[in-house]
Amino acid sequence: MTWTAVADVAGAVCLLAGGVLCLLAGVGLLRLPDVLTRIHAATKPQSFGLLLVLVGSGLWLRSLVDLGILLLVGLFQLATSPVAAHMVGRAAYRTGRMDSEDVVLDELEEALQRAATEDEGENRR
């Protein structure tokens, strides 16, 4: 068995596994009950699934130009996905669309209360 045949099989396995993870992330977005669990489904398995698809594509393509583009796509995904999830979570928190009963530690509430008391103190002066 040659190296190219092994790379093709490994690429196919990565593509299949990445596709399954992306599918499960999409199902999770539809089936999970609240915003925080949906954010988890949208970021973690989706990002890992895309990275597996990119690795599988790279193993099949084997061109430096294609590998460079796939690397850039992967880096862009890893840079933007956490930021987008943070913004969605923050918006859900501020609009009250989050199920706060399941939250164990709410550090943002403490910070918002401190900021509100500091603002009240500055407004009185």
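1. Let me start with the stretch at residues 42–61: the chain there is 100% helix and 0% strand, and its end C-alpha atoms are 27 Å apart. Please keep in mind as you look along it that this is a predicted model. Residues 6–30 read in a similar way, being 100% helix and 0% strand, with 36 Å between the end C-alpha atoms. Both ranges come from UniProt, where an unreviewed entry places the feature "transmembrane region" at residues 6–30, 42–61 and 67–88.

2. Next, a buried position in one of these helices. Ser47 is found in helix 2, and its relative accessible area is 9%. Ser47 is therefore classed as buried, since that label applies under 20% relative accessible area. If you would like a distance to check, try Ser47 against Asp106: the two are 59 residues apart in sequence, and their C-alpha atoms are 26 Å apart in space.

3. Arg62 deserves a visit of its own. Arg62 is found in the loop between helix 2 (35–61) and helix 3 (64–95). Arg62 has a positive phi of about 60°, although it is not a glycine. That is worth a look on your backbone plot, because most residues other than glycine have a negative phi. With a relative accessible area of 31%, Arg62 is partly exposed.

4. Which residue meets the side chain of Arg62 in a salt bridge? The partner is Asp8, with a distance of 2.6 Å from N to O. Arg62 lies in the loop between helix 2 and helix 3 while Asp8 sits in helix 1 (residues 3–31), so the pair ties together parts that are 54 residues apart in sequence. Asp8 is partly exposed as well, at a relative accessible area of 32%. The count of salt bridges in the model comes to 1.

5. Staying with helix 1, there is a nonpolar patch to show on the surface. Met1, Val6, Val9 and Val13 make this patch, which covers about 440 Å². Val6 is found in helix 1, and its relative accessibility of 42% makes it partly exposed. You could colour these four side chains together to see the patch at a glance.

6. Now for two neighbours in helix 3, Val88 and Gly89. Are they buried or exposed, or partly so? Gly89 is buried, with a relative accessible area of 15%, whereas Val88 is partly exposed at 45%. Their C-alpha distances also make a nice pair to display. Val88 and Val35 are 53 residues apart along the chain, and their C-alpha atoms are separated by 8.3 Å. For Gly89 and Gly56, 33 residues apart along the chain, the separation is 31 Å.

7. Moving on to helix 4, Leu108 has its place there. Leu108 counts as partly exposed, at 23% relative accessibility. The 20% cut-off matters for this label, because a residue is called buried under that value. Looking back along the chain, Tyr93 lies 15 residues from Leu108, and the C-alpha atoms of the two are separated by 9.0 Å.

8. My last stop is a charged patch. Glu118, Asp119, Glu120 and Glu122 gather on the surface in a patch of negative charge. Asp119 has its place in helix 4, which spans residues 107–124. The relative accessible area of Asp119 is 44%, so it is partly exposed. Patch members need over 30% relative accessible area and no salt bridge, so the value for Asp119 fits that requirement.

9. If you have time for just a few views, here is what I would put on screen. One is the contact between Arg62 and Asp8, a salt bridge at 2.6 Å, N to O. Another is the backbone at Arg62, with its positive phi of about 60°. Then come the two surface patches: the nonpolar one made by Met1, Val6, Val9 and Val13, and the negative one where Glu118, Asp119, Glu120 and Glu122 gather.

Methods. Residues are numbered from 1 along each chain as its sequence is written. This is a predicted model: local features need pLDDT of at least 70, side-chain atom pairs count only at pLDDT 80 or more; totals for chains, interfaces and linings use all residues. Side-chain values use heavy atoms; hydrogens and water are left out. Patches are made of residues with over 30% relative accessible area and no salt bridge: like charges are joined within 9 Å, nonpolar side chains (Val, Leu, Ile, Met, Phe, Trp, Tyr) within 5 Å. Accessible areas come from the Shrake-Rupley method with a 1.4 Å probe; for residues, only the protein chains shown count as cover. Lys and Arg count as positive and Asp and Glu as negative; His and the chain ends are not counted. The place of a charge is taken as NZ of Lys, CZ of Arg, CG of Asp or CD of Glu. Helices (H or I, at least four residues) and strands (E, at least two) are DSSP runs, numbered from the N terminus. Buried means under 20% relative accessible area, exposed over 50%, partly exposed in between (1.4 Å probe, protein chains only). UniProt positions are given in the numbering used here, feature names are shortened, and annotations may be inferred rather than shown by experiment.
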